[in-house]
Amino acid sequence: MDNPEIARTLEEVADILEIQSSNPFRIRAYRNAVRTVETVTVPLRRWVEEGRALTDLPGIGKEMANHIKEMVETGTLGFRDELLAEVPRSLIELMRLPGLGPKKARKVFDELKIGSVDELEAAAREGRIAALPGFGAKSQEKILAGIADYRQQGSRFLLNEAERSVEPLLAYLRETPEIERLEVAGSYRRRKETIGDIDLLAIASQPIPVMERFRGYAQVDKILMAGDTRSTVVLGSGLQVDLRVVPAECYGAALVYFTGSKEHNVKLRRRAVERGLRISEYGVFQVHEEGSETEGECIGGGEEAEVYAAVGLAWIPPELREDHGEIELAAAGRIPDLIRVEDLRGDLHMHSTWSDGRNSIEEMVEACAARGYEYMVISDHSKSLAMTGGLDAYRLREQWKEIDEVRARHPEIRVLRSMEVDILGDGSLDLEDEMLAGLDLVLISLHSRLDLPLVQQTDRVLKALEHRQVNIFCHPTARLINRRKPAELDLEVILRRAAELGVALELNCSPNRLDLKDTHLMLAKELGCKIVIDTDSHRTRELGLMRYGVDQARRAGLGPEDVLNTRGFEDFWIAIQRSRM
Ligand SMILES: [Zn+2]
Ligand SMILES: [Zn+2]
């Protein structure tokens, strides 16, 4: 088990104990342990393997230490399983809903005899939840929102998780001799951060053997539909995949149709109607008469560009197809040249073995040089994340000595010294000013107290941005996709201030962060913010995560000129400095 899983398991124990009205001190002990496990970024597995005493960690007593050891060694926790057996399953499901929690779950379960999420939703819609003592209209609303979140989350894969299933399948299908063309459509092609299911489109000389080969793929767990030109399967990973073989003459139209988004396609069809045309998944058709049922002549659809051209538009890159203004841009011939991975000249956020990274500084440097970067930034954690091995002033100075030695051995790349400095609860920084002054760049991040209310959290960040040494605000909302909601921040206020101060905003490439996300980046660009794209690598192979950030930046319509670390070093260095004010 990794740390997030350990934390989730302990949290579940705390919730069940709470449902059972156990001793409040015992419940609190579990919750404290959860907080500790969440802030430790060094893997607890490593602590156990190295035989280090877990009880050295704050909030971890003997019982917790034993639990953690058991989870690391066996991948499960017997005590949790015992507890689960004592509580009805439906109650557990209710308890896991965001906005409900153990106490309220118990209450609706007992008083309204509600035993499922569906029943809870029905009760909320009828206003019966609001009528319960201690609930009210507000918490009823919150519960409905929680149900919506819960349903959405459960069924969506992170983009990189989906890729792990899709790429081997594509490689397998491409070996089929009858397949002439094959592409993934849908949200996967639009590079959305999470994916529901996968739509594949193919052109094939003969569809039937293609369908047979698809359904015969070793990873297929269930076949939901088996047709001559279309089949739907569920893979072992749980991902649902649909494959359609379409005629070559309507491949482009089908690709537009199945790539979506729905909103984008609605607008396209509207433009078609205005021009006396009809666009469908089968092509672009001339409409003969008003209200005529007979299909007019097909005037294109083999390639996507024909479909767009028919309605007076330039081809639109899939990442932009969200009806976020891309159709208007295409109509004006102003679709931007989007950023590509090759445009990046440096990576500005990464960890080494000095804190919770897996590779030495030299290994990170060699890997960055191998990627062809001109510059890079070593940014280990600061001391308040003590359990990550966050550096204090003394160890930071020691690290600088090592950086100097590595620099001397690697003149091919410029190595900048930095630190990912924690923003403390009151908005001050977790490193002394004179040490900050010794860094080439200062990165700041929120890692703790992510549950502060909006005004307080916003003020905390604003105060940190004011600090004269700060250059980059990393993973600004601190969200973890499918796992943790973003911190409550007035992002517009923060972006405006960052733009004034000349502090850059990070687009963190980690597939479970992608923070800032597409719509935030659009706002950041509009407000004139500096934007950088970083991997936050904790090992050399994570340097390759850059492409997920680039996908997200493309979704926001960013070009290379919108991102500082596409520039050569001299230009970058000038651009990353704060405004003089
Ligand atoms: Zn961080
Ligand atoms: Zn980091």
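**Entry 1: the zinc site.** I started at the zinc ion (ligand 1) and looked up its protein donors: E420 through OE, H447 through NE2 and H475 through NE2, at 2.0 to 2.2 Å from the metal. A reminder to myself that this is a predicted model. Along the chain, I read the donor spacing as E-x26-H-x27-H. I then checked what else E420 does, and found that E420 bridges the zinc ion (ligand 1) and the zinc ion (ligand 2), with 3.4 Å between the two ions.

Next I asked where the two histidines sit. H447 is in the loop between β14 (441-445) and α20 (454-466), while H475 is in the loop between β15 (472-473) and α21 (491-501), so this pair ties together parts 28 residues apart in sequence.

Are they buried or exposed? H447 has 17% relative accessibility, and because the cut-off for buried is under 20%, H447 counts as buried. H475 is buried too, at 0%.

**Entry 2: a sheet elsewhere in the chain.** I traced an open sheet of 5 strands in the order β2-β4-β7-β6-β5, with mixed pairing. Its edge strands are β2 (179-184) and β5 (220-226), each pairing on one side only. Ignoring direction, I get an average turn of 20° between neighbouring strands.

I zoomed in on β6 (residues 230-235) and β7 (residues 240-245): they run antiparallel and are joined by 5 bridges. Here V233 stands opposite V241 in β7.

**Entry 3: helices on the sheet.** Which strands does helix α10 (residues 159-174) lie across? I noted β2, β4 (198-204), β6 and β7, with α10 running at about 170° to β2. Helix α13 (residues 251-259) also packs on the sheet, touching β2, β4 and β7, and its direction makes about 180° with that of β4.

Definitions and conventions. Residues numbered from 1 in each chain as written. Chains lettered and ligands numbered in written order. Predicted model: local features only at pLDDT ≥ 70, side-chain atom pairs only at ≥ 80, totals over all residues. Heavy atoms only, no water. Donors = N, O, S within 2.8 Å, 3.2 Å for Na, K, Ca; no water. Helix = DSSP H or I, 4+ residues; strand = E, 2+ residues; numbered from the N terminus. Buried < 20%, exposed > 50% of the residue type's maximum accessible area, 1.4 Å probe, protein only. Pairing = 2+ DSSP bridges. Axes fitted to C-alpha atoms, helices over the stretch in contact; angles between N-to-C directions. Contact = heavy atoms within 4.5 Å.
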